[in-house]
Amino acid sequence: MFRNGKSIAGLSILGVFVLIAIFGDWIAPYGPLDKDFTALRQPPSWVHWLGTTHMGEDVLSQIIYGTRGVLVVGFTAGVIATIIAVAIGVTAGYVTGWRSESLSALTNVFLVIPGLPLIIIIASQYENPSLLLISSVLAITGWAWGGRVLRAQTMSLRNRDFIQAARANGEPLYRIIAVEMLPNLTAIIASSFVGTVIAAVLGLTTLAFIGVIPITNLNWGTILFWAQQNGAFPDFWWWYVPAGLCIALLGMALSLINFGIDEYVNPRLRSAGERARAMRKKGFKLSDTATAVRPRPAAAGTSGPGTSSDPGTSSDPGVTNAGIK
C-alpha cells in the first residue's frame, strides 16, 4: 500500500490537512476574526496571501482555523457510522431468519430517511450545537448504505468453505466475524468509511452554508456562507474558491487512500500493481501495446532463414514459384 503512488499522494494531502488542523494556531498569520479596515475585499497580495473579506478579515487564516472543525466532524462521523454499519451489516448478513430480516428492515428504514432535513431540524434546536452532536447526527443518517453493502457481501461469505470449517470446529460467533470475515471485508469497510467522511464534510459545509450552524463554529462552509451573503459571487473569487478547493482536495485525498487500500486487500489488483511497478523499473511503458522482438541472426552463407539467393526458389519444399502446393 505504501509503495502505491495513489495512496502515497492521498496520505500526503491528508497529512498536510492534519498538520494544519493541529498547528493552526501557530501557522495562521492572523486571527480568523482580526479586521484590517485598510484592506477591504482586497485580492491576494504579499500581506494577505488569499485576500480579505468585506470586513478586512484574512481568508487564509479563516481557512486554516476552519480545517480543524471539518476534520473533527468528518472523521468522528466516519468512525461512528462505520462501527454501526459493521455491527448491523455483518450481523444481518451472517445470521438467518427473523433476526436477519429485522436488521435488514432497520437498514432500509434509515436508507429512506431524508438526512439533510433531519439534520437541520435537530441542529436548529440548539443555540450552539457541539461538534460531537453534529458528528453523531451525520453518522446516524449516513451509516445505512454501508451497512447494506456489508450485509450483501457477508451473505456471500457465510457459505464459503473456511467459514463452514470454523463453524464446524465450534468457533464462537464473535470470533468467526472478527477473525474470518472482517479481513475479507476490509476493502468495503474502508470504502464505507471514506464515503461517510466525505458525506459528513459535505453535510457540515452544507449546514454552515445555509446558516443552520452558528457562525462561531468556523469552518469552510461558514466562509462560503459569508461570501454568499455579502455578494462575493462571482467577482471576489479569492473569498470562496479556496474553501471549495479545500473540500475537493480532502475528498480526492480520501479517495486516493481508498484506492491504495483496495489494491492492498484485493490480490488481483495487488499483483497487477506489482507487475506494473516492476515493468516501470525495467524501463517499459505501460502504454506500449506490443513488445519489440529481436530478429534471429541468419546462418553463415545464407541470406536468412527459409530464403536463397535465387528469388524464384525457396528452401521450403512446400513452396514453389507459383505459391503453396
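How much space lies in the largest cavity? About 40 Å³. Keep that number in mind, and let's walk through this predicted model one selection at a time.

**Stop 1: the whole chain**

Start with everything shown as a cartoon. The protein chain has 13 helices and 2 strands. Of its 325 residues, 37% count as buried. Now switch on a surface: its accessible area comes to about 18,500 Å², and 64% of that belongs to carbon and sulfur atoms. As you rotate the model, think about which parts of the chain touch each other. Among contacts between residues at least 6 apart in sequence, 66% join residues at least 24 apart.

**Stop 2: the cavity**

Rolling a probe the size of a water molecule over the atoms shows where empty space is left. Here the count comes to 1 cavity of 30 Å³ or more. To find the largest cavity, select I119, I122, A123, P129, L133, I134, V137 and L207, which line it. Two elements, α5 (115–123) and α6 (131–140), each give two or more residues to this lining. What classes of residue make up the lining of the largest cavity? There are 8 nonpolar residues, with no polar and no charged ones.

**Stop 3: helix α6**

Stay with α6 and color I134, S135, V137, L138 and A139, which are buried. You have met I134 and V137 already, in the lining of the largest cavity. Next, show the helices around α6: its buried residues pack against α3, α5 and α10 (186–209).

**Stop 4: the nonpolar core**

In soluble globular proteins, nonpolar side chains tend to be buried together. In this model, the largest nonpolar core has 59 residues. Select L138, W220, W239 and L250, the residues with the most contacts inside that core. Then highlight helix α3 (residues 59–94), which gives the most to this core, with 12 residues.

Zoom in on L250. Which residues is L250 in contact with, leaving aside its neighbours within four places in sequence? They are L14, F17, V70, L71, V201 and W220. Show these as sticks and see how they sit around L250.

**Stop 5: a serine in α10**

Move to S192, in helix α10. Is S192 buried or exposed? S192 counts as buried because its relative accessible area is 4%, and the cut-off for buried is under 20%. Leaving aside its neighbours within four places in sequence, S192 is in contact with W145 and G146.

**Stop 6: two backbone details**

Most residues other than glycine have a negative phi, and most peptide bonds are trans. With that in mind, select F233 and P234. A cis peptide bond joins them, with omega about -5 degrees. P234 is in the loop between α11 (220–229) and α12 (237–265).

Now go to R41, in the loop between α2 (24–27) and α3. Phi of R41 is near 50 degrees, a positive value in a residue other than glycine. R41 is partly exposed, with a relative accessible area of 29%.

**Stop 7: far along the chain, but how far in space?**

For this last stop, draw a C-alpha to C-alpha distance for each pair.

Begin with P43, which is also in the loop between α2 and α3. P43 is partly exposed, with a relative accessible area of 40%. How far apart are the C-alpha atoms of P43 and W238? They are separated by 6.6 Å, although these residues are 195 apart along the chain. Leaving aside neighbours within four places in sequence, P43 is in contact with H48, G51 and W238.

Next comes N4, in the segment before α1 (5–22). N4 is buried, with a relative accessible area of 7%. Its partner for this measurement in your viewer is L256: the two are 252 residues apart in sequence and 9.8 Å apart in space, C-alpha to C-alpha.

Finish with V112, found in helix α4 (residues 98–112). V112 counts as exposed because its relative accessible area is 66%, and exposed means over 50%. From V112 to T141 there are 29 residues in sequence and 9.6 Å in space, C-alpha to C-alpha.

Conventions. Residues are numbered from 1 along each chain as its sequence is written. This is a predicted model: local features need pLDDT of at least 70, side-chain atom pairs count only at pLDDT 80 or more; totals for chains, interfaces and linings use all residues. Side-chain values use heavy atoms; hydrogens and water are left out. On a 1 Å grid over the protein atoms alone, a cavity is a set of points where a 1.4 Å probe fits but cannot get out, and a pocket is an open set with protein on both sides within 12 Å along at least five of seven lines; lining residues have an atom within 4 Å of a point. Grid points are joined across faces, edges and corners, and a volume is the space filled by probe spheres set on the points. Helices (H or I, at least four residues) and strands (E, at least two) are DSSP runs, numbered from the N terminus. Ala, Val, Leu, Ile, Met, Phe, Trp, Tyr, Cys and Pro count as nonpolar, Asp, Glu, Lys and Arg as charged, and the others, Gly among them, as polar. A nonpolar core is a set of buried Ala, Val, Leu, Ile, Met, Phe, Trp, Tyr and Cys residues joined through side-chain atoms within 4.5 Å. Buried means under 20% relative accessible area, exposed over 50%, partly exposed in between (1.4 Å probe, protein chains only). Contact means heavy atoms within 4.5 Å. Accessible areas come from the Shrake-Rupley method with a 1.4 Å probe; for residues, only the protein chains shown count as cover.
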